[in-house]
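Visitor: I would like to look at a model and ask how each label is earned. Please set the values against the definitions.
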Amino acid sequence: MTTGAAVAGTTVAEVMAELAGLDDPKARAVNEKHGDDHGVNLSKLRALAKRLKTQHELATRLWATDDTAARLLALLICRPKAFGREELDAMLREARAPKVHDWLVNYVVKRSPHFEELRRAWSADPDPVVASAGWALTTERVTKKPDGLDLAGLLDVVEAEMKDAPDRLQWAMNHCLARIGIDHPEHRPRALDIGERLEVLKDYPTSPGCTSPFAPTWITEIVRRNTT
């Protein structure tokens, strides 16, 4: 594949060969610590996607390879609104790598006309990884389109279930808790109280300059930034 502008009709074999050439053992070692089995630098992956531009048919074929780097690339070059509800549901359940799961939710499902239907279905799913996607979509609504959401009810669920939830689901519920506290002042005291009592992610290691994911710290810091 040339370094110039890619044209429609690029084959899966060509893309897979380029991805193989971008594989970096150091990047793979870092990614594998987060559960992502690929070695492609994400900046280089995004550059490749920019060159390929939107190619939905190619994206579906890349997804079918079950290769993590290829699936990440597919999510960058697909047409989010072209996927059906059942197709998106199947893709989420097939998404093994955390980064694939996150990009599918954030780059595709959030732009899909099936957003709300999937949010409701996934939030109630017995699979905690699937449920975490439902909570991620709920958090999007908490921040951008809260009308119709039962925020007090969401806090009830967080209070009852977050402490003992599996890691991915716990993280997503904690994010929702923090955004309720940040974006909705009328619920902030209760969100802070729940976070303080449950102590979820209280001791999570945080790099210098980064905000702790511990909800009371997160809420307080973002509110402070927004008011200064």
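Visitor: What makes the approach of Asp67 to Ala69 a polar contact?

Guide: A side-chain oxygen of Asp67 comes to within 3.2 Å of the backbone nitrogen of Ala69, at the start of helix 5. A polar contact is a pair of N or O atoms within 3.5 Å; within protein, one must be able to donate a hydrogen and the other to accept it, and residues adjacent in sequence count only if both atoms are side-chain atoms. The Asp67 contact therefore qualifies. Helices here are DSSP runs (H or I, at least four residues), numbered from the N terminus. The model is predicted: local features need pLDDT of at least 70, side-chain atom pairs count only at pLDDT 80 or more, and totals for chains, interfaces and linings use all residues. Residues are numbered from 1 along each chain as its sequence is written, and side-chain values use heavy atoms, with hydrogens and water left out.

Visitor: Why is helix 5 called mostly covered?

Guide: Nine of its 10 residues are buried. Buried means under 20% relative accessible area, exposed over 50%, and partly exposed in between (1.4 Å probe, protein chains only). Among the buried residues of helix 5 are Thr68, Arg71, Leu72, Leu73 and Ile77. They pack against helix 1, helix 3, helix 4, helix 6 (85-94) and helix 7 (98-108). Contact means heavy atoms within 4.5 Å.

Visitor: How do you know that the buried residues of helix 1 share a side?

Guide: Helix 1 spans residues 12-22, and its buried residues are Val12, Val15, Glu18 and Leu19. They cover an arc of only 130 degrees around the axis, so they sit on the same side of helix 1. The arc is that of the directions from the helix axis to the C-beta atoms. An α-helix has 3.6 residues a turn, so residues three or four places apart point the same way. The face turned away from the buried side carries exposed Ala13, Ala17, Ala20 and Gly21. Cover for the buried residues includes helix 3 (42-52), helix 4 (56-64) and helix 5 (68-77).

Visitor: Why is Asn31 called buried?

Guide: Asn31 has a relative accessible area of 15%, under the 20% limit, so the label holds. Asn31 is in helix 2 (residues 25-33). Its side chain reaches the backbone oxygen of His38 at 2.9 Å. Leaving aside neighbours within four places in sequence, Asn31 touches Asp36, His38, Gly39 and Val40.

Visitor: And Glu57: why is that residue called exposed?

Guide: Glu57 has 58% relative accessibility, over the 50% limit, so it counts as exposed. Glu57 lies in helix 4.

Visitor: What makes a residue part of the lining of the largest pocket?

Guide: Lining residues have an atom within 4 Å of a point. The points lie on a 1 Å grid over the protein atoms alone, and a pocket is an open set with protein on both sides within 12 Å along at least five of seven lines. The largest pocket has 34 lining residues, with Lys99, Asp102, Arg168, Trp171 and His175 nearest its centre. Helix 7 gives the largest share, eight residues. The volume is about 1,100 Å³, meaning the space filled by probe spheres set on the points, which are joined across faces, edges and corners.

Visitor: Which residues lie nearest the centre of the second largest pocket?

Guide: Arg119, Ser123, Thr138, Leu149 and Leu154 do, out of 13 lining residues. The second largest pocket holds about 220 Å³ of space. Helix 8 (115-123) supplies the largest share of this lining, four residues.

Key:
Helix = DSSP H or I, 4+ residues; strand = E, 2+ residues; numbered from the N terminus. 1 Å grid on protein atoms, 1.4 Å probe; cavity = no way out; pocket = protein on both sides within 12 Å on 5 of 7 lines; lining within 4 Å.
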